[in-house]
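Please find below my notes on the ligand site of this model, set out as numbered points for your consideration.

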Amino acid sequence: MRSRDDWAAAASQLSVRTGLYIDGRYQSAHAGESFECVNPATGAVIAHMARGQAADVDAAVASGVAAWKDRRWRGLAPRARMDVLQRFADLVQQHSQELALLETLDMGKPFSDVLGIDIPEVLKTIRYFAECIDKIEGAVTHTDASALHLILHEPLGVVGAITPWNYPMLMAMWKVAPILAAGNCVVLKPAEQAPLSCTRLAQLFVEAGGPPGVFNLVNGFGPEAGQALALHPDVIKLSFTGSTAVGKLLLGYAGQSNMKRVALETGGKSPQIFLNDLYDLDAAVDRAVGGIYDNAGQVCNAGSRLLVQRDIHDEFVRRFIARSALAYRAGDPLDPATTLGPLVSHAHQRNVLARIARGISEGAQLAMGGGSVGPLPGGAFVEPTLFTGATAGMSICREEVFGPVTAVTAFDTEDEAIALANDSDYGLAAAVWTSDLKKAHHFVAHLEAGVVWVNSFGDGDMTQPFGGFKQSGNSRDKHMMSLLSYTQSKSAWFSLG
Ligand code: NAD
């Protein structure tokens, strides 16, 4: 295995693309402005990225509209579009080390996680949707013999995608791959905290044979480039992953502009319920720990509420603390031994530490962690943190922290566990741990969440629709249903009379 120094040497050789990617080429921002890209592990500035604003979004959308109108993508045979997307996946695979280094430097995620988790998931996503292209089928409905009626699925047009920084490439590809597979053009606005990898992906699509103008990318800030995209009259649908607060703004922008469709994948406060009949406490604790501390807790479905039946509570907490101490080693994200990287930015570190302080002031007991750790001077690290004695009204049980912070609440009855789990504005995911199949079905039926795991947490594949109930969103990523959501039906009625 290569060492930290090998990867640091490779990172120093990287050529970082900083332009907007419009019409198949890198471009400076119209106003000539840029913003800093900072490595959160060290505080060092890695790059100055072109700062897209409304004029740049106009150019990117115009490029997409031109590609849409001349049918250079949607007019290709399904197999030809499939081949381009498969070659795109091949190029991502060939460039996986480069992309992983960009991601690690930019976002602070351990390099081994990017190579071992993010990149394989990105490849599965592109390949899954590529394979779906010629599986879209319309219908012939039963009509009187004097007519023939077809239901066709057609692409929408130019779709906007606005994505977050926690899995920069993967969250972008959960949007871009089905948007393109359905035959649309796309303008992607990645998160300003981690734009490097997506900036390279847009170019790889064109290198794979994707026509210029079909996949455009504009970096920049949310209230500038993001808002301009969301307000744009030629964008027919906006697909968003990010916070609930911004999701609500986007619904407003759609109403103020062209009533574009808005697909939202937003925040979460996912409960994991541990019943006293669960058959393997160590396995359950292991997934409780991984469910909140992997990716330093910067996961939309992170298991940030642990509801534990009272008679196993103390043993659960004891094993949770012991397991956490073994599982996570904070360090340089380029070091293959590092399992806990910094948070995405110093601003986010301050935000997470403030939420921990609020948990303490509201009366929860700090059972583990709570501070910043400093394996690297200047790094935005936060310790894995556990609160006990948390009650439903506390902010650590209600608000998304988006960091390595979880809270344990003890319960007595199953009805109480369901009530606690559902007492949230969010409904992204939930889990129940039990050895009783009947109880498991009861929980699945009563938990208000788009994804429910039984005796597991975070598992899934491309066949699993992913998205939330309530204020966790109104849409689904992954699965064929995501692909179909980037199409619209057309009814064609042929009179045979
Ligand atoms: P964020 O909402 O701050 O930003 C997300 C994106 O929206 C960024 O690209 C940002 O530039 C843009 N944006 C911000 N303000 C905007 C505006 N006024 N108009 C248009 N665009 C704007 O979220 P974040 O901090 O990047 O990501 C963390 C959030 O994402 C968490 O709430 C997390 O739960 C959520 N998330 C959800 C899922 C899911 O599948 N449900 C997956 C990953 C992350």
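**Notes on the ligand site**

1. Helix 9 contributes the most to the shell around the ligand, supplying four residues. This is a predicted model, and the points below should be read with that in mind.

2. Helix 9 (244–256) is not alone in this role, since helix 8 (222–231) and strand 10 (237–241) also each provide at least two residues of the shell around the ligand. In terms of domains, the shell takes at least three residues from domain 1 (12–266 + 474–491) and at least three from domain 2 (271–461).

3. In total, 29 residues surround the ligand, and the closest of them are Lys189, Glu192, Ser243, Thr266 and Glu400. Sorted by class, the shell consists of 15 nonpolar, ten polar and four charged residues.

4. Which atoms lie 2.7 Å and 2.6 Å from an oxygen atom of the ligand? The former distance belongs to a polar side-chain atom of Lys189, and the latter to a polar side-chain atom of Ser243. At Thr163 the contact involves the backbone instead, with a polar backbone atom 2.8 Å from an oxygen atom of the ligand.

5. On its own the ligand has 850 Å² of accessible area, of which the protein covers 91%. The space that the ligand takes is the largest pocket.

Conventions
Residues are numbered from 1 along each chain as its sequence is written. This is a predicted model: local features need pLDDT of at least 70, side-chain atom pairs count only at pLDDT 80 or more; totals for chains, interfaces and linings use all residues. Side-chain values use heavy atoms; hydrogens and water are left out. A residue is near a molecule or strand if one of its heavy atoms lies within 4 Å of it. A polar contact is a pair of N or O atoms within 3.5 Å; within protein, one must be able to donate a hydrogen and the other to accept it, and residues adjacent in sequence count only if both atoms are side-chain atoms. Accessible areas come from the Shrake-Rupley method with a 1.4 Å probe; for residues, only the protein chains shown count as cover. On a 1 Å grid over the protein atoms alone, a cavity is a set of points where a 1.4 Å probe fits but cannot get out, and a pocket is an open set with protein on both sides within 12 Å along at least five of seven lines; lining residues have an atom within 4 Å of a point. A molecule sits in a cavity or pocket if more than half of its atoms lie within 2 Å of its grid points. Ala, Val, Leu, Ile, Met, Phe, Trp, Tyr, Cys and Pro count as nonpolar, Asp, Glu, Lys and Arg as charged, and the others, Gly among them, as polar. Domain bounds come from an automatic or database domain assignment.
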